[in-house]
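This short report describes the fold of one protein chain. Look at the sequence and the structure first, then read on.

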Amino acid sequence: MLMRTDPFRELDRLTQQLLNTTGTWSRPSAMPMDAYREGEEYVIALDLPGVSTDAIDIDVERNMLTVKAERRPVTKADDVQVELSERPLGVFSRQLVLADTLDTEHIKAHYDAGVLTLRIPIAERAKPRKVAIGGGSAHQEIRG
């Protein structure tokens with residue numbers, strides 16, 4: 001159901017780890033995800049630990065799904081000295097081209113335990129159906 005991949009995603013992740021860079025709105029970092037079909041729905045699960053729901057933005061334009069989120073730094077008291085900071089901060093983004101067989105008008109989003117789950121119903125026109133076969137020897141002629 002998904003049609004776009006990013007061949008440079010792993011290279012970006014390694015560069016981010018080596019240079020300790022964070023995502024910005026103009027150059028966001030990628031977020032890990034799983035995508036699978038469950039019954040009559042297509043499910044996309046995105047890892048966003050430490051992100052509040054008000055910092056998540058989900059947009060659908062035609063068949064392009066865009067998810068953006070921002071993990072902001074936790075405000076610390078003046079007497080706190082950071083010894084180690086490995087959790088990435090900044091902006092995370094993922095764009096997916098959804099197949100025409102998905103009903104983008106009825107996407108449901110749920111956020112729990114740091115995982116954003118999107119459930120997209122399979123469109124009625126994409127579901128298997130039986131086609132009736134007409135019988136008989138009656139032929140009709142169309143005249144105009």
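The sections below go from the whole chain to one sheet and then to one pair of strands.

## The chain as a whole

The model is predicted. Its chain contains 1 helix and 7 strands. Along the sequence these elements follow the pattern α-β-β-β-β-β-β-β, with the helix ahead of the strands.

Of the 144 residues in the chain, 26% count as buried; here buried means under 20% relative accessible area. The accessible surface of the chain is about 11,100 Å², and carbon and sulfur atoms account for 50% of that area. Among the contacts in the chain with a separation of 6 or more, 58% are between residues 24 or more positions apart.

## The open sheet

Strands of a sheet pair through backbone hydrogen bonds, and the pairing is either parallel or antiparallel. In this model, 4 strands make up an open sheet. Their order is β1-β2-β7-β6, and they pair in the antiparallel way.

Why do β1 and β6 each have one side without a neighbour in the sheet? Both β1 (33-38) and β6 (108-112) stand at the edges and have a single partner strand each, so one side of each is left without a neighbour. On average, neighbouring strands of the sheet are turned by 20° against each other, if direction is ignored.

## The pair β6 and β7

Strand β7 covers residues 115-121. It is joined to β6 by 5 bridges, and the two strands run antiparallel. One of the bridge partners can be named: K108 is matched with R119 in β7.

Definitions and conventions:
Residues are numbered from 1 along each chain as its sequence is written. This is a predicted model: local features need pLDDT of at least 70, side-chain atom pairs count only at pLDDT 80 or more; totals for chains, interfaces and linings use all residues. Side-chain values use heavy atoms; hydrogens and water are left out. Two strands pair if DSSP finds at least two bridges between them. Axes are lines fitted to C-alpha atoms, for helices over the stretch in contact, and angles run from 0 to 180 degrees between N-to-C directions. Buried means under 20% relative accessible area, exposed over 50%, partly exposed in between (1.4 Å probe, protein chains only). Contact means heavy atoms within 4.5 Å. Accessible areas come from the Shrake-Rupley method with a 1.4 Å probe; for residues, only the protein chains shown count as cover.
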